[in-house]
Amino acid sequence: MNLLGRRFVVALSFFSPSQSQSLSPTTQRAMSSTTTANDASGSKKFWDKMAEGYYKSPISDEEAYQKKIQITQSYLRPDMEVLEYGCGTGGTSIIHAPFVKHILATDISSNMIDIAKKQAEEKKVSNVDFKCASIDELALSVPNNSLDAVLGLSILHLVENRREVMKRTYNWLKPGGLFVTSTVCINDMTVAPLMKLIFPIGKFFGLIPPVFALSRDELVKDFEDAGFDIEHEWRPENKKTGKPRKDAAVFIIGKKPQ
């Protein structure tokens with residue numbers, strides 16, 4: 001499964017196919033677990049319906065995906081307890097499983113989790129537990145200072161209370177713990193005005209989940225305000241100009257100070 005997130009493009013393609021093709025593969029996955037009850041219920045139904053198609057959809061930027069996998073694994077250790085929220089059909093957690101002690105991988109879609117469990121069984125992965133749960137539900141069961149790393153991949157732009165989620169994640173982490181993220185920064189894109197028109201309409205008709213616009217600078221400030229140090233930041237480059245692609249998700253690893 002795409003670390004960058006296939007969900008977003010899979011959803012958007014149902015509303016505006018030509019627009020989805022113009023977007024980076026970094027604008028693709030995960031889902032909101034902490035919006036209003038109606039939003040969460042609607043999103044769960046949508047992704048339950050989309051789960052099989054999402055699972056079968058190809059990774060459109062394999063190079064960027066592998067780069068993020070490589071960066072993440074350079075920080076992983078065999079003794080680590082890891083949480084991934086918004087895990088989709090579980091591919092990323094399964095890939096990282098050999099490098100850590102244990103992963104709790106969660107998603108709001110029960111159909112996504114069913115596919116993830118089947119994948120883990122077929123690949124004989126025994127140290128990943130897949131659970132259907134929202135971020136709010138995790139808050140009731142995950143103790144503070146208990147995790148070595150949290151993966152939040154292509155999800156922060158899909159949660160309404162992003163700052164609260166980031167602070168909650170900070171609290172879950174042990175000192176020195178890592179928050180690994182990949183986030184679509186819509187406000188950095190040249191097509192941002194058009195997308196801001198599309199999203200409310202798509203949400204109204206139940207074609208896409210809630211999406212919240214932010215910029216790279218806003219995201220970095222949110223990390224810092226939550227208490228994190230920026231340990232690593234990367235964005236795929238435009239091969240012609242050598243500059244970071246504004247349509248690509250920002251990959252940030254935040255570290256909780258010791």
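A nonpolar core is a set of buried Ala, Val, Leu, Ile, Met, Phe, Trp, Tyr and Cys residues joined through side-chain atoms within 4.5 Å. Buried, in turn, means under 20% relative accessible area, while exposed means over 50% and partly exposed lies in between (1.4 Å probe, protein chains only). Keep both in mind for this tour.

What you have open is a predicted model, in which local features need pLDDT of at least 70 and side-chain atom pairs count only at pLDDT 80 or more, whereas totals for chains, interfaces and linings use all residues. Residues are numbered from 1 along each chain as its sequence is written, and side-chain values use heavy atoms, with hydrogens and water left out.

**The whole chain**

Start with a cartoon view. You should find ten helices and seven strands; these are DSSP runs numbered from the N terminus, with helices being H or I of at least four residues and strands E of at least two. Of the 258 residues, 58% count as buried. Contact here means heavy atoms within 4.5 Å. Among contacts with a separation of 6 or more, 75% are between residues 24 or more positions apart.

**The largest core**

Now select Tyr85, Trp172, Phe179 and Leu219. These have the most contacts inside the largest nonpolar core, which has 26 residues. Colour β1 (81-85), α7 (135-138), β4 (147-153), α8 (162-172), β5 (173-183), α10 (216-226) and β7 (250-255), since each supplies at least two residues of this core. In soluble globular proteins, nonpolar side chains tend to be buried together.

Centre on Phe179. Beyond its neighbours within four places in sequence, Phe179 is in contact with twelve residues you can pick out by name: Tyr85, Val150, Gly152, Leu156, Met166, Thr169, Leu173, Phe223, Phe228, Ile252, Ile253 and Gly254. A second, separate core of 25 residues includes Ile71, Cys87, Leu151 and Trp234.

**Helices α8 and α7**

Select α8 next. Its buried residues are Arg162, Val165, Met166, Arg168, Thr169, Tyr170 and Trp172, and they pack against β1, α7, β4, β5 and α10.

Then move to Leu138, in helix α7. Is Leu138 buried or exposed? Leu138 is buried, because its relative accessible area is 1%. Leaving aside neighbours within four places in sequence, Leu138 is in contact with Leu83, Tyr85, Leu104, Thr106, Ala133 and Trp172. Draw a line from the C-alpha atom of Leu138 to that of Thr106, 32 residues apart along the chain, and you should read 8.8 Å.

**Two aspartates**

Asp48 sits in helix α3 (residues 37-56). With a relative accessible area of 16%, Asp48 is buried. Its side chain makes a polar contact of 2.6 Å with the side chain of Ser109. (A polar contact is a pair of N or O atoms within 3.5 Å; within protein, one must be able to donate a hydrogen and the other to accept it, and residues adjacent in sequence count only if both atoms are side-chain atoms.)

Asp79 is in the loop between α4 (62-73) and β1. Asp79 counts as partly exposed, because its relative accessibility is 48%. Apart from neighbours within four places in sequence, Asp79 is in contact with Lys101 and Asp148. The C-alpha atoms of Asp79 and Asp148 are separated by 8.7 Å, although the two are 69 residues apart along the chain.
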